[in-house]
Amino acid sequence: MSIPELDDAFRMAEEIYGTNGSKPNGHAARLDVVCLADVKPRPIEWLWNFWIAIGKVSVLAGDGGQGKSTILCDLAARTSTGDLWPDGAERGEPGGVLILAAEDDVEDTLAPRLIAAGADMQRVFNIRSVMTGDDQGRRSFNLQADLAALEMEIRRRENIRLVIIDPVTSYLGKVDSHKNAEVRTVLEPLGEMAARLRVAVICNNHFSKGGGNANSRIIGSVAFVNQARAAFIVTPDAENEGRLLLMPAKVNNTPLRHGLAYRIGGIMIHDDDGGEILTSQILWESEPVKMTADEALAAHSVNDEAKSAKDEAIEFLSNILSQGEMPIEDVRKAATNAGITPKSLRSAREALEVKSKRDGFGPGAVFSYSLPGGPSVPPRSSILAHDPHTCPRSEEGKYEQARASMEAAPPPIAPEPAPADDPWYLPPELDRRRERLGPPAISAGSDDDLGDI
């Protein structure tokens, strides 16, 4: 198409849609279009096989205190040395690492962690700030304003393979991290730079409060997940205290794989003067974690519900036994009325080390519960049914209602002393046996021989 024809086409578009964008050389902005016949396909290049891709942006997210920054130091160290990856994936080419770390001090936190992870410190660089034009002042790095400077730094260094941004929300400038359109104005150019320079970029982020699936827990706009080609979360293992999980939540370029378990360990390193510095390191487990990120998070919800039920049962049982022992049947009836399940009641008994006691033998035996070291008083079913003052108060009043609903029973009657002139008298326990077996036989040779009862 000739230049006059192009001018006519632009004028027609402007009449229909209006002027949009700048006009270099007197023309409206034009689209950058490529014909797919001119594109040469290539395979995904991996920094860490099937986890972290070269030329892509990945996101790591989780609550604070789960070792995210220490994990990033571990990955930086493996990148700098070309070491094996945590899951045993093959070694890569040693390369450089650029780190933006807003929350960790370089001297006492970042450097010790990298040393503990075995990093080649000559290949790891920290961007501390941006120098002003006259080199007299400094300001914080801003992904919107300083992406070109970051690209120049990557080109200037030798073989940079990984860029870590920790956390990404500290480098957004005036961008509202909860607005999708604004976040994309930062992440799209960042992704284009990663692809252009063939570097992997990992953005650290935090979890939001509340529930939801793994991706929805990543704080801020959905663009943090949607724009990234891979997203990973860290979460405690709901079944194993102190054990943590690194789980893939989204991977665009390969099927979702297994997760990995790890613990955070303390290690002592030595500085140049021979002094000792305590720092942290990641202790990876070799066995894969065969569940999804959503299942790992859901396990916490199930455990939280179970813990809540157990805590409620403990409060119920400690209240109802606070003034002495109580018949087991009455405890169970009150628990049912209070919405306490048998399983939760059993867990509460074990937690409180509740004692059980039997009074009597056979069908008439009475079994009771009491708190360890608590007062020893008669079973209180009738007292609890009629005297609200013996029942500790609760917010919902469920314990009072449960006790009031128990059937009233006559207070226990203490046995009378044995008559001195009654050879037939037996203690209550044996007297029940006499009712069942009949009167004792009396031998001819002895008036006071009661026989073998």
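These are my notebook entries on a sheet, a pocket and two buried residues in a predicted model.

**Entry 1: the sheet**

I began with the strands and found that nine of them form an open sheet, which I wrote down in the order S5-S4-S8-S9-S3-S10-S11-S12-S13, with mixed pairing. Strand S5 (124–126) and strand S13 (276–289) stand at the edges, and each has a single partner strand, so one side of each is left without a neighbour in the sheet. I also looked up the turn between neighbouring strands of this sheet, which is 25° on average when direction is ignored. As a reminder to myself, strands of a sheet pair through backbone hydrogen bonds, and they can do so either parallel or antiparallel.

**Entry 2: one edge of the sheet, and a helix across it**

Next I followed strand S12, residues 259–270, which runs antiparallel to S13 and is joined to it by eleven bridges. Within this pair I noted that Ile 264 stands opposite Ile 282 in S13. I then turned to helix H3, residues 106–116, and saw that it lies across strand S4 (96–101), S5, S12 and S13, running at about 45° to S13.

**Entry 3: the second largest pocket**

I asked myself which residues are the closest to the centre of the second largest pocket. This pocket has a volume of about 390 Å³, and of the 16 residues that line it, Ile 127, Ser 129, Ala 149, Glu 153 and Arg 156 are the closest to its centre. The elements that give two or more residues to the lining are S5, strand S6 (130–131) and helix H4 (147–156), and H4 gives the most, with five residues. Sorting the lining residues by kind, I wrote down nine nonpolar, two polar and five charged.

**Entry 4: Ala 231**

I found Ala 231 in strand S10, residues 230–236, and asked whether it is buried or exposed. Ala 231 is buried, because its relative accessible area is 0% and the cut-off for buried is under 20%. Leaving out residues up to four places away in sequence, Ala 231 touches Val 59, Asn 215, Ile 218, Met 247, Pro 248, Ala 249 and Lys 250. I also noted that Ala 231 and Ser 58 are 173 residues apart in sequence, while their C-alpha atoms are 5.7 Å apart in space.

**Entry 5: Ser 370**

Last, I looked up Ser 370, which has its place in strand S16, residues 366–370. With a relative accessible area of 15%, Ser 370 is buried as well. Its contacts, again without residues up to four places away in sequence, are Leu 321, Glu 325, Val 354 and Lys 355.

Technical notes
Residues numbered from 1 in each chain as written. Predicted model: local features only at pLDDT ≥ 70, side-chain atom pairs only at ≥ 80, totals over all residues. Heavy atoms only, no water. Pairing = 2+ DSSP bridges. Helix = DSSP H or I, 4+ residues; strand = E, 2+ residues; numbered from the N terminus. Axes fitted to C-alpha atoms, helices over the stretch in contact; angles between N-to-C directions. Contact = heavy atoms within 4.5 Å. Buried < 20%, exposed > 50% of the residue type's maximum accessible area, 1.4 Å probe, protein only. 1 Å grid on protein atoms, 1.4 Å probe; cavity = no way out; pocket = protein on both sides within 12 Å on 5 of 7 lines; lining within 4 Å. Points joined across faces, edges and corners; volume = space filled by probe spheres on them. Nonpolar A, V, L, I, M, F, W, Y, C, P; charged D, E, K, R; others polar.
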